[in-house]
Amino acid sequence: MSDEYKFGIEEEYFLVDAESKSVAREMPHAFIEKLKSVTDGQVRGEMLQSQLEVATTPHVSIADARTELRFLRQTVANIAAEHNLAILAVGTHPTATWRSSVQTPADRYDIVMEDLQMIGQRNMLCGLHVHVELPDPDDRVDIMMRMLPYLPLFIALATSSPFWRARPTGLKGYRLAAYDELPRTGVPELFRKAEEFEAYIAALTKAGVIDDASYVWWALRPSLQHPTLELRAPDSCTLVDDSIAIAALYRSLAHRLVRNPLLNADMTAVGRAIVVENKWRAQRYGVNGTFASPDGSGAVTVAEQLEQVLAEVLPDAAELGCSSHVSRCRDIVGTGTSADAQIAVFEAHAKSGGSERALEAVNDWLASATLQ
């Protein structure tokens, strides 16, 4: 057991042609092998060859995590450039079409694709995953249940997927609308004890539905590979500092929930249903929307909910040494997310150059902002 609340960050990126910014259909073998060698295995391919994932080492310092994440992005970009490629940190690629996607050869991916069929091929989606190690890993299911009310806030803060197949979706975060086509996704079930989660996994594995708990793709889950509780809901953030702010907030909330075992302990089926509705509102409106209050008092803006959460967790953030990074969530709400920036770029260029040129401008902005 550790009281350090170690955390790690995983980010998924699209691999694109350096000039056109169109997704690469296939990942060069020499490219991924060099990345694995240079980063000691911290970069790997994803189920589709147009995507890859980076993973930081475990950290206790948020500043060190930021430094490493920037290093990983730049390293991937530098080696990609040797192959006339680039990367985009974004939930959905604005102009990609899933029909041309190519699966990465691997036994696990063969199993997943055989089960998911077309839904698997449509999975051209990139997310941000944050792992936090709790003092007692056996508490992960309880903390997962009590973390549920904050899931919509994380989704709103990270929205970066307003486009799909070269058209505006009308959503700030379309990625989860597509991702939730998969089984065992979305808001976790209302389990309160580790034994309940384990019984669920045992039932599915004995029935031959899944091989193990890693095939549960909820927005929040106990990790099978690590002694962590893994946040999986956010879109891949275009700006590094947005990823870091969300990671710092999640870590601070985990710390608060452990320290205060009564916080959200009264979570009910009604409360979970409100989380599901607020999740949709986060996807649709991002930081500009409102949530339904779990106490039935009416609507609350995302900004208001963030302030309520910060009032609760800033002492925890101070103890963990990440107050300024948690407070940056206010900047995200105030200036907008990647989705807001993409929409602004699109609208500015569509007036004079049309939709196609506007989408090209969005892709160019994403390539630049990914490395800021």
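What share of the contacts in the chain with a separation of 6 or more comes from residues 24 or more positions apart? The share is 76%. Keep that in view during the tour. The model is predicted.

**Stop 1: the whole chain**

Select everything and show the cartoon. You should find 13 helices and nine strands. Switch to the C-alpha trace and orient along the principal axes. The trace spans about 55 × 45 × 35 Å. The radius of gyration is 20 Å. A compact globule with 372 residues would have one near 21 Å, so the chain agrees with that expectation.

Now turn on the surface. The accessible area of the chain comes to about 15,200 Å². Carbon and sulfur atoms hold 51% of that area. Colour by burial next. Of the 372 residues, 56% are buried.

**Stop 2: α6 against α9**

Select residues 151-158, which form helix α6, and residues 240-259, which form helix α9. Two packed helices are described by the angle between their axes and the distance between the axes. Here the angle is about 170° and the axes lie 11 Å apart. That angle makes α6 roughly antiparallel to α9, because the cut-off for this class is over 145 degrees.

Show side chains at the contact. From α6, pick L153, F154, L157 and A158. From α9, pick I246, L249, Y250 and L253. How do the residues of this contact divide into nonpolar, polar and charged? Eight are nonpolar, with no polar and no charged residues among them.

**Stop 3: N264**

Follow the chain out of α9 into the loop that leads to α10 (269-285). Stop at N264, which is found in that loop. Is N264 buried or exposed? N264 has a relative accessible area of 18%. Buried means under 20%, so N264 counts as buried.

Display what surrounds this asparagine. Leaving aside neighbours within four places in sequence, N264 is in contact with M145, R146, P149, Y150 and L257.

**Stop 4: F346**

Jump to helix α13, residues 338-370. F346 has its place in this helix. F346 is also buried, with a relative accessible area of 12%.

Which residues does F346 touch, not counting those up to four places away in sequence? Select F163, P168, S355, A358, L359 and V362. Within this set, S355, A358, L359 and V362 carry numbers that fall inside the range of α13.

For a last step, draw a C-alpha to C-alpha distance from F346 to D107. The line is 40 Å long in space. In sequence, F346 and D107 are 239 residues apart.

Note on methods:
Residues numbered from 1 in each chain as written. Predicted model: local features only at pLDDT ≥ 70, side-chain atom pairs only at ≥ 80, totals over all residues. Heavy atoms only, no water. Axes fitted to C-alpha atoms, helices over the stretch in contact; angles between N-to-C directions. Helix = DSSP H or I, 4+ residues; strand = E, 2+ residues; numbered from the N terminus. Parallel < 35°, antiparallel > 145°, perpendicular 65-115°, else oblique. Contact = heavy atoms within 4.5 Å. Nonpolar A, V, L, I, M, F, W, Y, C, P; charged D, E, K, R; others polar. Rg over C-alpha atoms; globule rule 2.2 N^0.38 Å. Buried < 20%, exposed > 50% of the residue type's maximum accessible area, 1.4 Å probe, protein only. Areas by Shrake-Rupley, 256 points an atom, 1.4 Å probe, with all protein chains shown as cover.
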